[in-house]
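Take a walk through this model, one element at a time. Keep the coordinates open as you read.

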Amino acid sequence: HVSLVTVGTNVKWYVNGVQIGSDGTLPNIPNIGSTFYMLGQQRPGNFDSYFNGLIDGIQIWSTALSQQEIQQYMNCPPTGAESGLVGYWNFEEGPGSTVALDQTANGNDGTITNAAINTESGGCFDFDGTDDYVQIGDSSTMALGTGNVTFMAWVKFNSVSGNQVIIGDEGGSGDTSQNNFHLFMLFDESSVGQIALRGHTQ
């Protein structure tokens, strides 16, 4: 289970609810827009960043969760009605579904491209690392701006190589005031993984 929390330029990383290392410092405050959110990929056509493995329980919050809260929602999933929860996808739609339903009232449903539901693992998405992703439509509730942010997800990798994006926001045409970003695992030549947040201004 991986989590990332940003407060201004301060960033914390958690694995299985435990903070990894000391707090980090981002060069700029993230300014996250509302367009072109992707799950399992940075954007279609970026063939070196497709996720290869299982993803479940993606949560996006417009608040900085504490370690206790991260552990709580890691072990007991949210209902979808929690304050500050802007998107939650539990991937329990069942085989053959073409839509990943947002469990909040914000309606941030995603269109599934190729990714399959893995029912043997209790209902999660199986991404093949080649052409699978979920695209979320434009939504004002996903425009997190420069506020505090928490990202959470359960992940299991089939392959430990390359850049594998869990959540990404590539902005869109006309969205030039926002920063593109992606939360990903980066594996080096020795298959050592690093959780990373990368962004740049359009």
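What follows is a tour of a predicted model, from a central strand outward.

Start with strand β13, residues 149-157. β13 pairs with β1 in the antiparallel sense, over five bridges. In that pairing, serine 3 stands opposite methionine 152 of β13. β13 also runs antiparallel to β6, and seven bridges join these two strands. Here isoleucine 60 has phenylalanine 151 of β13 as its bridge partner. In a regular strand, side chains alternate between the two faces of the sheet.

Now the packing. The largest nonpolar core has 31 residues. Ile60, Trp89 and Phe125 have the most contacts inside it. β13 gives the most to this core, with four residues. Another core lies apart from it. This other core has nine residues, including Val5, Tyr14, Trp61 and Met152.

Return to tryptophan 89. Beyond its neighbours within four places in sequence, tryptophan 89 is in contact with a list of residues that includes Leu39, Ile58, Ile60, Leu101 and Met142. Polar residues are on that list too, among them Asp102, Asn108 and Asp109.

Next, helix α1, residues 67-75. Its buried residues are Ile70, Tyr73 and Met74. Why do they lie on the same side of α1? They cover an arc of only 110 degrees around the axis, and this puts them on the same side. An α-helix has 3.6 residues a turn, so residues three or four places apart point the same way. Gln68 and Asn75 are exposed on the other side of α1. The cover over the buried residues of α1 includes β1, β2, β6 and β13. So β13, already seen paired with β1 and β6, also helps to cover the helix.

Aromatic rings come next. A search of the whole structure finds five aromatic pairs. One pair is phenylalanine 51 with phenylalanine 157. Their ring centres are 5.0 Å apart and their planes stand at 40 degrees, so the pair is tilted. Phenylalanine 51 lies in the loop between β5 and β6, and phenylalanine 157 in strand β13, so the pair ties together parts that are 106 residues apart in sequence. Are these two residues buried or partly exposed? Phenylalanine 51 is buried, with a relative accessible area of 0%. Phenylalanine 157 is partly exposed, at 22%. Both belong to one aromatic cluster, formed by Phe51, Phe91, Phe125, Phe127 and Phe157.

Step on to asparagine 158, in the loop between β13 and β14. Asparagine 158 is exposed, with a relative accessible area of 52%. Its C-alpha atom is separated from that of glycine 53 by 4.6 Å, although the two are 105 residues apart along the chain. Leaving aside neighbours within four places in sequence, asparagine 158 is in contact with Asn52, Gly53, Asp126 and Phe127.

End at threonine 104, in the loop between β8 and β9. Is threonine 104 buried or exposed? Threonine 104 is buried: its relative accessible area is 10%, and the cut-off for buried is under 20%. Its side chain joins that of aspartate 102 through a polar contact of 2.8 Å. A polar atom of the threonine 104 side chain also lies 3.1 Å from the backbone nitrogen of asparagine 106. Not counting residues up to four places away in sequence, threonine 104 touches Gly80, Leu85, Val86, Gly87 and Tyr88.

Methods: Residues numbered from 1 in each chain as written. Predicted model: local features only at pLDDT ≥ 70, side-chain atom pairs only at ≥ 80, totals over all residues. Heavy atoms only, no water. Buried < 20%, exposed > 50% of the residue type's maximum accessible area, 1.4 Å probe, protein only. Contact = heavy atoms within 4.5 Å. Arc of directions from axis to C-beta. Core = buried A, V, L, I, M, F, W, Y, C linked by side-chain atoms within 4.5 Å. Phe/Tyr/Trp six-rings, centres within 6.5 Å; stacked < 30°, edge-to-face > 60°. Polar contact = N/O pair within 3.5 Å; in protein donor to acceptor, adjacent residues only side chain to side chain. Pairing = 2+ DSSP bridges.
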